Amino acid sequence: MKKRQYNSKIQKASLEIDLFGNEHENFTRNLENLMMTIQESFCSNLRCPTRVKESQQRTININPPHEIPHRDLIQLAVDELFCSKLELCEEYGCDGWREFSQRVFCHGPPPFVILNMQQWKSEELAYVPYYLGLSDHKYLLEGATLFNKEEHHYSAAFQIDGYWMHYDGLRNVNLILLNKPPEFLLLSSLVYVRAAEK
Ligand SMILES: [Zn+2]
């Protein structure tokens with residue numbers, strides 16, 4: 001097969017994701033400013049040492065839910081990160097309640113999102129959703145970065161014209177067609193691209 005550069009659909013937004021030869025760190029670091037989110041929180045206790053807080057995140061780190069619900073785990077974890085919530089304040093000596101606002105994107109909903117999946121166990125990833133609802137937009141699965149523990153090495157899987165391809169820079173035949181979606185046993189990140197507006 002002729003090796004050719006993979007150009008994502010998000011080129012339309014004057015951006016290009018290059019999944020070839022990227023290690024996870026380089027891959028996300030160049031793009032993370034676009035994915036920056038902010039969440040404010042406010043403690044109910046007048047004597048709280050830090051009543052108002054702002055939490056900025058440059059990467060979208062989602063954690064596996066504590067209970068196993070019937071719903072899609074990844075969507076649930078994304079919802080949990082972005083939704084408003086009320087929690088006990090964690091400031092030392094404070095017994096107030098801390099109210100968190102909705103988490104929002106600092107620069108508006110980005111044309112793509114990269115979910116950091118390193119906290120997830122392989123069995124929790126049996127079902128990777130093709131669609132993700134985020135910040136009132138629909139995102140479509142574009143690809144994934146995979147980590148090989150033994151070789152300490154990253155590779156990428158992505159869909160192109162409806163087929164799954166796997167790219168591994170260490171192999172002689174480094175681009176292969178997968179007959180079915182890859183098993184994300186060592187998933188590092190998921191890449192979703194914003195669907196076109198209706
Ligand atoms: Zn407090």
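Two strands pair if DSSP finds at least two bridges between them. Strands (E, at least two residues) and helices (H or I, at least four) are DSSP runs, numbered from the N terminus. This is a predicted model: local features need pLDDT of at least 70, side-chain atom pairs count only at pLDDT 80 or more, and totals for chains, interfaces and linings use all residues. Residues are numbered from 1 along each chain as its sequence is written.

**Exercise 1. Find how strand 8 pairs with strand 9, and describe the turn.**

Step 1. Strand 8 (residues 131-134) and strand 9 (residues 137-148) run antiparallel and are joined by four bridges. Step 2. Take one bridge: Gly133 is partnered by Lys138 of strand 9. Step 3. The two strands form a hairpin with two residues between them. Ser135, in the turn, has a positive phi of about 55 degrees.

**Exercise 2. Sort the side chains of strand 8 by face.**

Step 1. Recall the rule: in a regular strand the side chains alternate between the two faces of the sheet. Step 2. Apply the burial cut-offs: 20 or more other C-beta atoms within 10 Å means buried, 12 or fewer exposed, anything in between partly exposed, with C-beta atoms placed from the backbone. Step 3. Leu132 and Leu134 point to one face and are buried. Tyr131 and Gly133 point to the other and are not. Step 4. Tyr131 counts as exposed because it has 12 C-beta neighbours inside 10 Å. Step 5. List its contacts (C-beta atoms, placed from the backbone, within 7 Å). Leaving out residues up to four places away in sequence, Tyr131 touches Lys138 and Leu140.

**Exercise 3. Show which side of helix 2 is buried, and what it packs against.**

Step 1. The buried residues of helix 2 (73-82) are Ile74, Ala77 and Val78. Step 2. They lie on the same side of helix 2, because they cover an arc of only 100 degrees around the axis (taken from the directions from the axis to the C-beta atoms). Step 3. The buried residues of helix 2 pack against strand 8.

**Exercise 4. Decide where the model deserves caution.**

Step 1. pLDDT is the predictor's confidence in each residue, from 0 to 100. Step 2. The chain averages 79, and 76% of the residues score at least 70. Step 3. Compare elements: helix 1 (residues 24-29) has the lowest mean, 59, and strand 5 (residues 97-100) the highest, 96. Step 4. Over residues 1-15 pLDDT stays under 50. Step 5. Where pLDDT is low, the predicted coordinates should not be read in detail.

Methods
Two residues are in contact if their C-beta atoms, placed from the backbone, lie within 7 Å.
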